[in-house]
Every structure is written in C-alpha cells, then in structure tokens.
Amino acid sequence: MNGVMAAPRAEVVIDLDNLRHNVAHLAALAPNADTMAVVKADGYGHGAVEVARAAVEAGATWLGSCSLAEALALRAAGLTVPILAWLDPPGTDYAPGVEQDVDLAASSLTQLEEIAAAADRVGKRARVHLKIDTGLSRSGCPAGRWSELVERAAKTHNVEVHSIWSHLAVADEIGHRGTDAQAERFDDAYREALAAGLDPRRHIANSAALITRPDLHLDLVRPGIAIYGLNPVPVPTDLRPVMTFRSAVALTKRIPAGESVSYGLSWTARDDTNLALVPVGYADGVPRSLSNRMDVWLAGRRRPVVGRVCMDQVVVDCGDDAVAEGDEVVLFGSGDRGEPTAREWADTTGTIDYEIVTGMYRPRVTRKYVGTRR
Ligand SMILES: *Cc1c(COP(=O)(O)O)cnc(C)c1O
C-alpha cells in the first residue's frame, strides 16, 4: 500500500452514533412501552450484531429477529436482552432457542406444539408470543382459530405466554381505516386471551405506528426501518440515516464529443468531457435500472452516471471539472450535503428504501463501523 490508505472499492459506512440517536429518539416517543429493535436480515443490511449492541446501549430492551438462527447468532455474540424470533418453517428444532432464552412466536397449534415439544426435551419452559392475524393475512392465527390457540396455550404447562401480538398492513398510510380495523380485531383477540385465563402483554406497532399512533404503542413497540434513520411516514422526525454507500474514482479520462459510454452505447457525449470510472455496479447493489437515471456525489457536487450500470462499474460525467483518481464517491448517504439517498434510489426504481439498504448485504461490499464504543 506504499503507506497510502487504499481507497475503498465498495464500502458501506455504518454510523452507530446515528443509530443510537435514532433508538433513543424512538424510545422517547413511546415512553410507556418497551422498545424492541428489529435487526432481522442482518440488521436491514447494516450488520445485526453491531446494530443490536448499539441499540441496547441506546435503550432498546428487546431485539427482534425473523428466524431462530438469527436470534441464536445474537446470543452467540453475547447479547443477553430478550429476543423474539418470529418465523421458521415446520420441523424447526426450537430446543436451542428454549435453552438460550429466545422468545418464540406461535401462530398455530402446530407451532405451539413444536415449541412445547422442544421445551420438554430441554426440560425448561418456553416463552411464547401468540400471534393473531388482524388483517394482514400473512402469518398469525386467523380469528376463527384464535380461541382454540389461546385455550391450548393456557393449558400447556411448559410454555409461558408472554404476549399476544400482531402486525400492521397500512400503518404507513396515515388515517387509513385498515389500521383501526386491525386495532379493533386485536382488542377482540385480547379479550379472548383474557377469557382463556391468560394475562398477556400486547404489541402491534412497527416504525410507522410508533411514529403516528401512540394509542397503539401498548406494552412494546417494534421499530425496524426507523432505527436505521429511514422514516416510513411523511411526518417530520429527528431520524438520521445510518448507512452511507461509497466508493472511489478508479480512473479518469477525457473523451471527445460524439463518443458513447458503456454497454449498449446508450449515452453519447455532446461535448468533449471528463469521465470518472467508479468500480461499483449491480453486483455491489447499484440497481441496473438506475442506468442514466442516477447521480453520485463527487468532488463537492452531484454528477450524473452516464450509460448503463454494469456488473462492476459505472461511469460519471464530470464535464470540464477535474476530478482525481482516488477521489471519494458517495453513491447514497444521509442527503445532508446534497448527496443522493437510499430513498431517492427507491423512488426512482419503484421500490422502498427498505429493499435498497437490505440489499447492501453483499460479500463484495465491505462494512465499516464508525461510532463504535468498544
Ligand atoms: C420487520 C418487522 C417489524 C419492523 O417493521 P418496520 O416497518 O421496519 O418498522 C416489526 N414487526 C415485525 C413482525 C416485522 O416483521
């Protein structure tokens, strides 16, 4: 390296100070509820273990993961707070989860029985969260089978029902009647659980409901996207984006007017111009559908990517500006300086910023953490 720090080829920078700020801010918005930081899918592409540690430092009292394997990885990394794992296929061995105090979700009698069988094998009670489907029609127990589920759970001696819970379908659309309808069904489910002799806690709020529906905070809130600084609702909040995606100029060149750029020769220079080659492409998370439709932040301003996004490279038009090989290129970041954001990529490609940041979990993209406390 000749004593010179090599510029990153493709790197996401994860700002844990921003993450802690977001968690503390969200927890303060729901002062009467516990806060579960949702770190599924490797922390929405930010790194589950590092995010989980920082979230706990900032006041999160629970962690949420999708699979049991994700929860066990958090335990293996030394995280001791309660963790809820909510979705695995039939035949999953829940015994390691019971052994390591992972809370488990059950949407059906079959799942409840599988968890109870694991508890038997381990010789320890399992803690479960019974999930009611209140209208999302995804996981969760349908209302017609709920009384059977709560009654059975109340009689199963080796499971302890911690909570009943549900997930919202349209919380990001403020004022949508669907959320009220789900809340009403959730109340019904709660009454049935009480009638079955249970005394469960309740949780239903994702990020959007945490921000817009204090009446749905209940005992525990489950923010995911918002802890990463991305706001799912058009309401001002003090959230700071946690991920920046950056690279560096690998090569510069001047081309004459009339020359075209990249596969398909889809862009042609009108004047002589300086090009900067950036060594990231769709294998690194830059959607190919952003070809000729994206900017990067380079040498103090936004500049357009011209021509097709390739597997490993994009080309930036710099006009007559002199940019240098090795200069930093920000693909997306907080937007504070004017750089593009994950939200901008999502809007242009017709998706949501969740998919953009989660899609940055790639073997060729390195991660760098800033604001680490240990
Ligand atoms: C992903 C998820 C969340 C978090 O949702 P956000 O919209 O990211 O806040 C909460 N609860 C469950 C069950 C989830 O699957």
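How do the residues of the shell around the ligand divide into nonpolar, polar and charged? In this predicted model, the shell comprises six nonpolar, four polar and two charged residues. Listed along the chain, the residues around the ligand are Lys40, Tyr44, Trp86, Trp165, His167, Asn206, Ser207, Arg222, Pro223, Gly224, Ile225 and Tyr354. As for the site itself, the ligand occupies the space of the largest pocket.

A closer look at the polar contacts brings in both side chain and backbone. On the side-chain part, an N or O atom of Lys40 lies 2.6 Å from an oxygen atom of the ligand. The backbone takes part through Gly224, where a polar atom is 2.9 Å from a ligand oxygen, and through Ile225, whose backbone N or O atom is found 2.8 Å from an oxygen atom of the ligand. Of the 380 Å² that the ligand exposes when taken alone, the protein buries 93%.

Lys40 deserves a second visit, this time with the database record at hand. An unreviewed UniProt entry assigns the feature "active site" to Lys40 and Tyr263. These two positions are spread over 224 residues of sequence, and in space they are spread as well, with up to 36.6 Å between C-alpha atoms. From this set, Lys40 belongs to the lining of the largest pocket. Within the fold, Lys40 is part of helix H2, which covers residues 40–45. Lys40 thus brings several of these results together: a residue around the ligand, a side-chain contact at 2.6 Å from a ligand oxygen, and a position that the UniProt entry marks as "active site".

Technical notes: Residues are numbered from 1 along each chain as its sequence is written. This is a predicted model: local features need pLDDT of at least 70, side-chain atom pairs count only at pLDDT 80 or more; totals for chains, interfaces and linings use all residues. Side-chain values use heavy atoms; hydrogens and water are left out. A residue is near a molecule or strand if one of its heavy atoms lies within 4 Å of it. A polar contact is a pair of N or O atoms within 3.5 Å; within protein, one must be able to donate a hydrogen and the other to accept it, and residues adjacent in sequence count only if both atoms are side-chain atoms. Accessible areas come from the Shrake-Rupley method with a 1.4 Å probe; for residues, only the protein chains shown count as cover. On a 1 Å grid over the protein atoms alone, a cavity is a set of points where a 1.4 Å probe fits but cannot get out, and a pocket is an open set with protein on both sides within 12 Å along at least five of seven lines; lining residues have an atom within 4 Å of a point. A molecule sits in a cavity or pocket if more than half of its atoms lie within 2 Å of its grid points. Ala, Val, Leu, Ile, Met, Phe, Trp, Tyr, Cys and Pro count as nonpolar, Asp, Glu, Lys and Arg as charged, and the others, Gly among them, as polar. UniProt positions are given in the numbering used here, feature names are shortened, and annotations may be inferred rather than shown by experiment. Helices (H or I, at least four residues) and strands (E, at least two) are DSSP runs, numbered from the N terminus.
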